[in-house]
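Let's take a friendly walk through a protein model, one pair of neighbours at a time. Please keep the viewer open as you read.

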Amino acid sequence: MANTQERQNIVIVGGGNVGISTFNALAGHLDATNSNLILITPRPYFTHLPAALRLVVTSEGKLEETVLMPFGDKHTGPNKKVLNAKVASIVDSDTKGRHVVLENGDKIDFSVLVLTPGSIWEGPINFPDDKEEHLEWINTWREKFAEANDIVLVELAGELKDLSPKKNVTIVHGQKFLLNDTYPERWRKNVASQFLKRGVKLVLDDFVDDLEIKDGHITTRGKKTIPADLVVSTRGPRPNTKFVESLGTDVLTSSGYIKVQLTLQLPNHPRVFAGGDAMDWVEQKQAGKAPAHAAVIANNVLSVLGSKKSPIPYKGSMEMVVLTNGKASGAGYFGILWGITIGSWLSSLIKSKSLLVGMMQGSLGFD
């Protein structure tokens with residue numbers, strides 16, 4: 001980096017969709033703002049999570065070669081870089097300075113900080129950071145799925161039926177219908193119907209509190225006994241925000257999400273922004289919302305740094321989802337007009353076959 005001591009640092013913590021989208025949006029403004037741009041992420045690559053469910057089930061298509069996208073020339077260069085590290089704490093004070101402290105003790109000063117740390121997942125997509133360990137993790141889960149016959153889970157059902165239609169797959173879900181109340185009941189029933197047609201068993205309005213298999217079965221909270229030789233937890237993630245607590249007890253919700261204002265700035269921390277899954281906002285946590293988050297954050301970062309841009313608010317994003325049910329099936333919902341739904345053919349064309357890998361490579365600068 002040139003002139004690092006004379007230039008102010010824009011630091012982004014988290015190399016997921018929103019972090020990289022924000023990085024790309026700011027990269028063209030570094031000279032105008034006399035800034036360096038630093039993306040801190042523990043992995044030297046980006047993981048396209050919407051494809052991860054198929055990745056851990058089958059080696060078909062060698063998805064590990066395209067889903068794990070290494071950072072390259074577009075993410076490094078004059079006054080911008082990717083730093084593979086983890087942040088342990090943050091200092092944001094007029095008297096003590098502004099910097100992040102890495103787990104190795106190093107300090108990185110910032111003029112503006114963007115927090116996009118993402119989520120911590122359970123089960124097969126709780127990937128290690130090291131590339132070799134990541135690949136070993138994938139192969140281990142592929143072997144588990146290949147060897148199992150009675151599998152209890154949620155989300156992976158369609159991919160497993162592609163792997164072997166004879167496998168017994170059961171989804172246990174805590175609501176009366178699959179998914180959640182963001183989506184209309186009629187569409188949720190249709191999703192359930194698709195799974196049932198593929199031979200997937202559904203146990204709805206019930207929970208699995210104990211994942212331990214006993215005598216070849218698990219028992220639900222409702223006392224239902226389900227045959228199982230593999231139980232996969234695919235419950236929702238939790239925000240990866242433990243290090244953000246260092247800013248004070250008032251920055252996180254009781255669930256660990258980062259509180260933000262309409263400008264996506266943290267209350268009482270005007271030089272700190274947040275976006276992505278870790279942000280406290282009433283909306284579904286989805287990669288498709290990354291461009292909207294990044295656009296607001298980038299604009300408002302430039303405003304803080306003295307550009308002529310006026311601050312803009314985040315107004316939320318349209319709720320939409322395209323679910324895969326294996327490679328040739330799926331369902332989609334778009335929350336516009338009366339609520340537009342699509343079936344298997346169009347869902348497969350949009351996502352189920354490609355998993356949007358190529359589109360993501362292009363939009364994030366990995367092509």
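Helices H1 and H7 cross in the right-handed sense; a crossing gets this name if the near helix is turned clockwise from the far one by less than a right angle, and is left-handed if anticlockwise. The model is predicted, so local features need pLDDT of at least 70 and side-chain atom pairs count only at pLDDT 80 or more, while totals for chains, interfaces and linings use all residues. Residues are numbered from 1 along each chain as its sequence is written, and side-chain values use heavy atoms, with hydrogens and water left out.

**Two helices that cross**

Two packed helices are described by the angle between their axes and the distance between the axes. For H1 (residues 17–26) and H7 (residues 290–304), the axes come within 8 Å and cross at roughly 45°. Axes here are lines fitted to C-alpha atoms, for helices over the stretch in contact, with angles from 0 to 180 degrees between N-to-C directions. H1 and H7 are therefore oblique to each other, a word kept for angles that are not under 35 degrees (roughly parallel), over 145 (roughly antiparallel) or 65 to 115 (roughly perpendicular). Helices (H or I, at least four residues) and strands (E, at least two) are DSSP runs, numbered from the N terminus.

Which residues of H1 meet H7? They are Asn17, Val18, Ser21, Thr22, Ala25 and Leu26, and their partners in H7 include His293, Ile297 and Val301. Contact means heavy atoms within 4.5 Å. The residues of this contact divide into 9 nonpolar, 4 polar and no charged.

**Two open sheets**

Now look at the strands. Two strands pair if DSSP finds at least two bridges between them. The table puts two open sheets side by side.

| Strand order | Number of strands | Pairing |
|---|---|---|
| E6-E7-E8 | 3 strands | antiparallel |
| E20-E21-E22 | 3 strands | antiparallel |

In the sheet E6-E7-E8, strand E6 (87–93) and strand E8 (107–109) stand at the edges with a single partner strand each, so one side of each has no neighbour in the sheet. The twist averages 20° from one strand to the next. E7 (residues 97–102) and E8 are joined by 3 bridges, and His99 has Asp109 in E8 as its bridge partner.

In the sheet E20-E21-E22, the edges are E20 and strand E22 (340–342), each with a single partner strand, so one side of each is left without a neighbour in the sheet. Here the twist averages 5° from one strand to the next. Helix H6 (residues 185–197) packs on this sheet and touches E20, E21 and E22, its direction making about 170° with that of E21. Strands E20 (residues 320–324) and E21 (residues 330–334) pair over 5 bridges. Val322 stands opposite Gly332, and Leu323 has Ala331 as its bridge partner. In the hairpin of E20 and E21, with 5 residues between the strands, Gly326 takes a positive phi near 85°.

**Unusual backbone angles**

Most residues other than glycine have a negative phi, and most peptide bonds are trans. Lys62, however, has a positive phi near 45°; Lys62 is in the loop between helix H2 (52–55) and helix H3 (64–67). Asn79 also has a positive phi, near 70°, and lies in the loop between strand E4 (68–70) and strand E5 (80–84).

**A tie made by charges**

How many salt bridges does the structure hold? There are 12, counting a side-chain nitrogen of Lys or Arg within 4 Å of a carboxyl oxygen of Asp or Glu. One of them joins Asp31 and Arg7 (3.1 Å, N to O). Asp31 lies in the loop between H1 and strand E2 (35–41) and Arg7 in the segment before strand E1 (8–13), so the pair ties together parts that are 24 residues apart in sequence.

Key. Ala, Val, Leu, Ile, Met, Phe, Trp, Tyr, Cys and Pro count as nonpolar, Asp, Glu, Lys and Arg as charged, and the others, Gly among them, as polar.
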